[in-house]
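The following exercises concern one protein structure. Please work through each task before reading its solution.

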Amino acid sequence: MSHVLAAQNLQVRYRTREGYVYALSGVDVYLNAGETLGLVGESGCGKSTLGKALMRLIPTEGSISLDDVDISLASGKALLSFRRHVQMVFQDPLGSLNPRQSVGTSIARPLQAAGWKKPQIRERVEALLDQVGLSPDAARRYPHEFSGGQRQRIGIARALALQPKVVICDEPVSALDVSVRAQVINLMKDIQQRTQIAYLFISHDLSVVEYIAQRVMVMYLGRIVESGPTAELWGQPAHPYTQALLAAAPVADPRHLQSEVLLQGELPSPLSPPTGCAFHTRCPHAQPLCMQETPQLSFISSERQVACHFHLG
């Protein structure tokens with residue numbers, strides 16, 4: 001099957017006085033048209049870095065392809081063409097929108113860069129505002145005049161301006177209250193059903209990911225430790241880290257008994273990662289082998305992968 005967006009062996013590293021720090025280490029990812037891939041993990045594990053790497057916003061090693069065309073070394077017009085098809089919704093809509101530009105101007109910028117004419121731009125901006133549930137007069141107003149949920153809708157409208165094939169969503173609803181969060185998520189699902197757009201949905205909110213994503217990848221310290229269909233992964237997590245994440249997720253039921261799967265300690269520093277399996281310092285099932293060899297991501301079923309020497313799947 002041909003993937004709309006695929007990446008292999010992505011690595012992002014930063015030079016320090018002591019050497020290199022790896023924010024991403026050998027990450028593979030693919031997206032199919034019309035699907036949502038969830039990306040979960042603790043803060044600092046590299047989720048946002050992966051989103052920026054796929055957008056070519058930061059220096060990245062490895063290969064990235066759009067519709068089987070390698071764009072890893074693309075620049076100039078080739079990179080501009082890639083960006084028309086792969087867009088991003090940022091975590092903070094107020095910070096990602098220019099406060100000195102009207103909403104209409106912000107949404108129109110991608111269209112202007114693509115060479116659209118003024119009448120076409122005006123018509124497209126009105127259609128986009130309508131698509132995300134805002135009135136046409138919103139185009140004349142400024143970001144500070146809107147609520148958080150409305151600003152996120154504006155961010156989505158801007159990302160959709162050029163009808164991209166992929167949208168990378170970096171914590172798009174984390175700053176919103178529960179009711180507005182549900183509205184934005186349902187909006188995104190509705191747009192996906194009508195356009196077959198693909199989403200990479202980065203979030204720490206497991207309940208939202210369970211609702212919107214068909215597949216999930218779990219990240220720990222710059223590596224993918226488990227991936228697979230959402231229902232299977234939620235029903236029978238194989239990696240101890242995935243089990244701990246799901247056990248820690250709050251459940252809105254007073255009769256629900258909290259699981260005893262608890263993590264000890266903090267996420268290790270990328271400046272001095274543990275040897276072997278990076279999770280062994282917090283894993284309740286760690287063995288001597290875990291301290292010596294880094295487990296590779298391998299298939300445990302047709303669609304499930306896990307990186308653990310002693311996985312429970």
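**Exercise 1.** Which residues are buried in H6?

Solution. The model is predicted, local features need pLDDT of at least 70, side-chain atom pairs count only at pLDDT 80 or more, and totals for chains, interfaces and linings use all residues. Residues are numbered from 1 along each chain as its sequence is written, and side-chain values use heavy atoms, without hydrogens and water.
- Helix H6 covers residues 148-160; helices are DSSP runs (H or I) of at least four residues, strands (E) of at least two, numbered from the N terminus.
- Buried denotes under 20% relative accessible area (1.4 Å probe, protein chains only).
- The buried residues of H6 are Gly-149, Arg-151, Gln-152, Arg-153, Ile-154, Gly-155, Ile-156, Ala-157, Arg-158, Ala-159 and Leu-160.

**Exercise 2.** State the surroundings of Arg-124 in helix H5.

Solution.
- Arg-124 is buried yet has no salt bridge, that is, no side-chain nitrogen of Lys or Arg within 4 Å of a carboxyl oxygen of Asp or Glu.
- The nearest side chain of opposite charge, Glu-123, is 8.8 Å away; Lys and Arg count as positive, Asp and Glu as negative, while His and the chain ends are not counted.
- Leaving aside neighbours within four places in sequence, the contacts of Arg-124 (heavy atoms within 4.5 Å) are Leu-111, Trp-116, Leu-160, Ala-161 and Gln-163.

**Exercise 3.** Over which ring does the charged end of Arg-13 sit?

Solution.
- The criterion is NZ of Lys or CZ of Arg within 6 Å of the ring centre and within 35 degrees of the ring normal.
- Arg-13 sits over the ring of Tyr-20, 4.1 Å from its centre.
- Arg-141 likewise lies over the face of Phe-146, at 4.3 Å from the ring centre.

Conventions. Buried < 20%, exposed > 50% of the residue type's maximum accessible area, 1.4 Å probe, protein only. Expected span 1.5 Å × (residues − 1).
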